[in-house]
Amino acid sequence: MGELSLAAVAVGGKRVELQEFPLPEPLDTGGLLRVEACGVCGSDIKKYGASPMLPTILGHESVGRIARVGETAARRWGVSEGDRVLLEEYLPCGHCVDCRSGEFRSCNQTDNHLQSGAIRYGSTPVEVPPALWGGYSEYQYLHPSSVIHRVPDGVPAEQAAFALPLSNGIQWTQLDAGVRMGDVVVILGPGQQGIGCLIASKAAGAGRVIVSGLSRDRARLELARELGADRVVDVDVESLVE
Ligand SMILES: [Zn+2]
Ligand SMILES: [Zn+2]
């Protein structure tokens with residue numbers, strides 16, 4: 001047997017088992033990521049609690065170094081072994097209408113709401129070879145459809161793992177909502193996506209950013225304030241509308 005990767009496998013009902021899986025080979029069109037850090041998404045918490053569930057390595061906000069890369073993959077992705085990268089969770093086909101029009105995140109191949117058996121990182125069960133589909137693992141499989149971004153060496157891994165929520169914040173506030181200098185922005189919920197929206201809104205020059213949450217979000221509302229929220233509203237105590 002070849003080398004193994006240790007991984008945390010969610011087996012349902014808030015239970016996780018450490019299991020070992022063989023590293024896939026040969027790798028011509030794919031590769032292997034040596035995971036440095038992986039964020040915890042709200043959807044991971046939901047999946048972790050689900051029961052029953054097919055055993056799955058959760059985690060889809062991975063950053064790490066390319067441990068191995070096949071010849072074809074290296075040419076296609078423009079990377080070499082040792083390069084530091086982060087992954088999006090999507091594994092789009094690359095040739096459908098969505099992929100070809102830049103909306104690759106809506107591709108059927110990678111949207112398990114649209115198509116059963118769709119693959120994406122952090123939610124594809126270990127029964128689908130080569131099992132290493134999630135970031136809570138020593139190694140993560142780099143599927144040929146991986147969406148890869150380079151990460152500068154100077155960025156600490158735990159900050160780089162925040163790239164996805166931060167990118168969502170930029171997409172939703174600056175690109176989708178068109179937040180501009182001086183705008184007033186209201187963000188409902190101080191989760192990591194909400195915090196990403198806050199940082200992106202401030203970066204776009206928003207004049208006033210209001211973040212709302214529940215009493216149990218107190219620590220997150222405090223963080224929102226530290227990160228520049230002009231006003232935080234605990235909706236259990238006061239009305240956001242007023
Ligand atoms: Zn997520
Ligand atoms: Zn596609």
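In this predicted model, Ala67 is placed in strand β4, which covers residues 62-69. With a relative accessible area of 26%, Ala67 is partly exposed, since the buried class is kept for values under 20%. Apart from its neighbours within four places in sequence, Ala67 is in contact with Leu32, Leu33, Arg34, Glu81 and Tyr139. Cys93 lies 26 residues from Ala67 along the chain, and the C-alpha atoms of the two are separated by 24 Å.

A good residue to visit next is Arg84, found in strand β5. Despite its charge class, Arg84 counts as buried, at 6% relative accessibility. The contacts of Arg84, leaving aside neighbours within four places in sequence, include Glu36, Gly64 and Arg65, and also His149, Arg150, Val151, Pro152 and Asp153. Val155, Pro156 and Ala157 are likewise among the residues that Arg84 contacts. One of these partners deserves a second look: the side chain of Arg84 makes a polar contact of 2.8 Å with the side chain of Glu36.

The Glu36 and Arg84 side chains also meet in a salt bridge, with N to O at 2.8 Å. Glu36 belongs to strand β3 (residues 31-38) and Arg84 to strand β5, so this pair ties together parts that are 48 residues apart in sequence. The two ends of the bridge fall into separate accessibility classes: Glu36 is partly exposed at 38%, whereas Arg84 is buried at 6%. In general, side chains of opposite charge can pair when their charged atoms come close.

The structure holds nine salt bridges, and two others can be described here. Arg105 forms a salt bridge with Glu88, where the closest N and O atoms are 3.0 Å apart. Arg105 lies in the loop between α3 and β6, and Glu88 in the loop between β5 and α3, so the pair ties together parts 17 residues apart in sequence. Here Arg105 is partly exposed, with a relative accessible area of 36%, while Glu88 counts as buried at 7%. In the salt bridge between Arg225 and Glu222, the closest N and O atoms are 3.7 Å apart. Both residues sit in helix α7 (residues 218-226), and because they are three residues apart there, about one helical turn separates them. Arg225 is partly exposed at 44% relative accessibility, and Glu222 is partly exposed at 38%.

Thr124 offers an example from a loop, the one between α3 (97-100) and β6 (139-142). Thr124 is buried, its relative accessible area being 2%. The side chain of Thr124 reaches the backbone oxygen of Arg120 at 2.7 Å. Not counting residues up to four places away in sequence, Thr124 touches Thr56, Ala118, Ile119 and Trp133.

At the level of the whole chain, there is a division into domain 1 (4-160) and domain 2 (163-234). The C-alpha centres of the two domains lie 27 Å apart. Twelve residues of domain 1 are in contact with six residues of domain 2, and the area buried between the domains is about 480 Å², with carbon and sulfur atoms giving 50% of it. On the domain 1 side, Glu61, Leu86 and Ala160 lose the most area to domain 2, together 52% of what that side buries. Across this interface there are three residue pairs in polar contact, but zero salt bridges. The elements giving two or more residues to the domain 1 side are β5 (84-87) and α4 (157-160). By class, that side has five nonpolar, three polar and four charged residues.

Notes
Residues are numbered from 1 along each chain as its sequence is written. Chains are lettered from A and ligands numbered from 1 in the order in which they are written. This is a predicted model: local features need pLDDT of at least 70, side-chain atom pairs count only at pLDDT 80 or more; totals for chains, interfaces and linings use all residues. Side-chain values use heavy atoms; hydrogens and water are left out. Domain bounds come from an automatic or database domain assignment. Contact means heavy atoms within 4.5 Å. Buried area is the accessible area (1.4 Å probe) that two parts lose on being put together, summed over both. A salt bridge is a side-chain nitrogen of Lys or Arg within 4 Å of a carboxyl oxygen of Asp or Glu. A polar contact is a pair of N or O atoms within 3.5 Å; within protein, one must be able to donate a hydrogen and the other to accept it, and residues adjacent in sequence count only if both atoms are side-chain atoms. Helices (H or I, at least four residues) and strands (E, at least two) are DSSP runs, numbered from the N terminus. Buried means under 20% relative accessible area, exposed over 50%, partly exposed in between (1.4 Å probe, protein chains only).
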